[in-house]
Amino acid sequence: MTLIDEAKQGNIPPQVHKVAEKEGIEPEIVRKYVAEGVITIPKNVRRETSPKGVGKCMSVKVNANIGTSRDFVDVEDEVKKAETAVRYGADSIMDLSTGGDLDSTRKRLMEAVDVPFGTVPIYQAASSQKTVVDMTSDDIINAVRKHAEDGVDFVTIHAGVNQNALQRLRKGERVMDVVSRGGSFTIAWMIYNEQENPLYSEFDYLIEIAREYDMTLSLGDGMRPGCIHDASDNAKFMEFITLGELVKEARNSNVQTFVEGPGHVAADEVQLSVKSMKQLCHEAPLYLLGPLVTDIAPGYDHITGAIGGTIAGMSGADFLCMTTPAEHLALPTTEDIREGAIITKIAAHAADLTRQGQREKARQTDLHMAQARHDLDWEKQFDIAIDSEKPASIRQSRKTGSDACSMCGELCALKIVQNALKGNTK
């Protein structure tokens with residue numbers, strides 16, 4: 001049985017109990033929402049993981065993309081990146097490898113981490129041929145099955161990129177066309193072969209594969225906007241509508257789903273995008289790349305993504321795919337991954353401060369930090385901080401004779417007022 005099968009029968013399996021305990025929510029509530037498809041706990045039956053709940057009443061989760069490219073194949077470096085991402089707050093890892101032995105790379109990465117693990121099978125299908133348009137529909141579907149058999153917990157499937165969406169793209173006025181790599185593979189294949197996307201036309205078969213392994217289908221946003229100009233256009237909304245239809249098909253077979261979203265979106269359109277996707281996709285857990293709220297910050301897109309991620313999380317997004325300082329520029333380094341994980345974790349927590357089911361728990365954490373700051377308890381502050389290493393390093397590098405920080409020393413506002421309240425003004 002799939003997890004949804006069990007939840008619908010009233011059972012509360014171990015991963016539901018563990019998620020409920022982590023999130024501070026009653027197990028019965030988690031079971032109910034899993035049964036409805038508004039909480040997803042991605043876990044392939046062939047793999048043991050530390051379960052993570054994504055969706056309604058859950059804390060906002062963070063995903064880290066890692067993987068080789070054809071220009072740089074160093075599997076052990078990617079393992080280090082995956083371990084670093086998890087260490088600094090990533091709740092899941094996706095392997096986007098396109099270079100080297102993809103099977104052995106995937107196996108090595110899955111062995112290195114115990115969090116939910118995702119892939120994009122069409123990358124492997126494309127690697128089996130000279131060009132992406134030479135793939136067969138069997139290549140594409142068989143890659144999905146191969147990843148399911150290998151124990152992958154969730155796979156990105158660009159099933160919403162169909163002929164209808166392609167028509168909207170051709171009629172539109174996009175500057176960046178298609179920036180999703182999997183989406184571009186699919187578009188190119190459809191145009192060259194003059195056929196419908198097999199991930200859409202054979203979606204029933206994909207559901208059978210996913211059900212067999214209880215693998216989650218992450219319904220990919222192949223038409224996501226790649227710049228502010230292209231946000232909120234017809235191609236994107238056409239894909240939303242299709243993804244909503246596919247969510248219902250998967251739920252009818254008790255298969256778990258995410259829905260993926262944009263992309264580059266101006267700050268005042270983020271809420272529109274999130275609420276539209278939630279409405280059109282029947283409140284399925286929403287997984288966003290960013291969104292990045294401006295196009296003019298290369299080198300700092302982990303920050304533009306965090307700004308958008310906070311707004312998105314406040315608006316109902318459930319899962320943030322981190323960006324790094326290398327976004328749009330290069331394959332990220334381990335330090336880029338570390339920085340991206342921390343910045344995105346901050347965005348997720350900022351969103352949790354506003355979210356149903358997590359607001360009080362998140363605010364209690366901030367309250368503990370405020371109390372530690374009031375008491376000038378530095379070790380407690382470092383312990384509570386999302387990143388304990390950097391603040392400790394900064395404080396140690398600029399020492400002061402005061403128990404306050406070196407910015408104020410004995411002119412610390414906290415110390416002055418505390419002394420005044422105690423009647424000691426000297």
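Visitor: Is Arg106 buried or exposed?

Guide: This is a predicted model, and in it Arg106 counts as buried, because its relative accessibility is 2%, on a scale where buried means under 20%.

Visitor: Which residue does Arg106 form a salt bridge with?

Guide: The partner of Arg106 is Asp150, and the closest N and O atoms of the two are 2.9 Å apart. This pair links distant parts of the chain, since Arg106 belongs to helix H5 (residues 102-112), while Asp150 sits in the loop between helix H7 (137-149) and E6, 44 residues apart.

Visitor: And Asp150, how does it come out for exposure?

Guide: Asp150 is partly exposed, with a relative accessible area of 30%, whereas Arg106 is buried.

Visitor: Which cavity has Arg106 in its lining?

Guide: Arg106 lines the largest cavity, together with Asp95, Leu96, Ser97, Leu102, Thr119, Val120, Tyr123, Gln124 and His147. The space in that largest cavity comes to about 70 Å³, and the elements that give two or more residues to its lining are H5 and helix H6 (121-127).

Visitor: What's the mix of residue classes there?

Guide: The lining of the largest cavity has four nonpolar, four polar and two charged residues.

Visitor: How many cavities are there of 30 Å³ or more?

Guide: There are four cavities of 30 Å³ or more in the structure. The second largest holds about 50 Å³ of space, and its lining is made up of Gly290, His302, Gly305, Ala306, Gly309, Leu320, Cys321, Met322, Thr323, Thr344 and Ala347.

Visitor: Which element gives the most to that second lining?

Guide: H14 does, with four residues. The elements that each supply at least two residues to the lining of the second largest cavity are helix H14 (301-315), strand E10 (319-321) and helix H15 (334-352).

Visitor: And how many charged residues in the second largest cavity's lining?

Guide: By class, the lining of the second largest cavity has no charged residues, but five nonpolar and six polar ones.

Visitor: Back to salt bridges, how many are there?

Guide: The count comes to 28 salt bridges. One of them joins Lys61 and Glu23, whose closest N and O atoms are 2.6 Å apart. Lys61 lies in strand E3 (residues 61-66) and Glu23 in helix H2 (residues 14-23), so this salt bridge ties together parts that are 38 residues apart in sequence.

Visitor: Are Lys61 and Glu23 buried or exposed?

Guide: Both Lys61 and Glu23 are buried.

Visitor: What about Glu410, which residue is its salt-bridge partner?

Guide: Glu410 forms a salt bridge with Lys415, at 3.1 Å between the closest N and O atoms. Glu410 is exposed, with a relative accessible area of 53%, whereas Lys415 is buried, with a relative accessible area of 17%.

Visitor: Which residues do shared partners join into one salt-bridge network?

Guide: Salt bridges with shared partners join Arg87, Glu335, Arg338, Glu339, Asp387 and Glu389 into one network. Arg338 also meets an aromatic ring, because its charged end sits over the ring of Tyr88, 4.8 Å from the ring centre, where the cut-off is within 6 Å.

Visitor: Which ring does Arg395 lie over?

Guide: Arg395 lies over the face of Trp378, at 3.9 Å from the ring centre. Trp378 also takes part in an aromatic pair with Phe382, and the ring centres are 6.5 Å apart with the planes at 40°, so the pair is tilted. Trp378 and Phe382 both lie in helix H17 (residues 378-384), four residues apart, which is about one turn of the helix. Phe382 is buried, with a relative accessible area of 10%.

Visitor: How many aromatic pairs does the structure hold?

Guide: The structure holds eight aromatic pairs. Among them is Phe154 with Phe258, an edge-to-face pair at 5.6 Å centre to centre and 80° between the planes. The pair links distant parts of the chain, with Phe154 in strand E6 (residues 154-157) and Phe258 in strand E8 (residues 257-261), 104 residues apart.

Visitor: What are the relative accessible areas of Phe154 and Phe258?

Guide: Phe154 is buried, with a relative accessible area of 0%, and Phe258 is also buried, with a relative accessible area of 0%.

Visitor: Which residues do ring pairs link into a cluster?

Guide: Ring pairs link Phe154, Phe258, Tyr287 and Phe319 into a cluster.

Methods. Residues are numbered from 1 along each chain as its sequence is written. This is a predicted model: local features need pLDDT of at least 70, side-chain atom pairs count only at pLDDT 80 or more; totals for chains, interfaces and linings use all residues. Side-chain values use heavy atoms; hydrogens and water are left out. Rings of Phe, Tyr and Trp (its six-membered ring) pair if their centres lie within 6.5 Å; planes under 30 degrees apart count as stacked, over 60 as edge-to-face and the rest as tilted. Buried means under 20% relative accessible area, exposed over 50%, partly exposed in between (1.4 Å probe, protein chains only). A charge sits over a ring if NZ of Lys or CZ of Arg is within 6 Å of the ring centre and within 35 degrees of the ring normal. A salt bridge is a side-chain nitrogen of Lys or Arg within 4 Å of a carboxyl oxygen of Asp or Glu. On a 1 Å grid over the protein atoms alone, a cavity is a set of points where a 1.4 Å probe fits but cannot get out, and a pocket is an open set with protein on both sides within 12 Å along at least five of seven lines; lining residues have an atom within 4 Å of a point. Grid points are joined across faces, edges and corners, and a volume is the space filled by probe spheres set on the points. Ala, Val, Leu, Ile, Met, Phe, Trp, Tyr, Cys and Pro count as nonpolar, Asp, Glu, Lys and Arg as charged, and the others, Gly among them, as polar.
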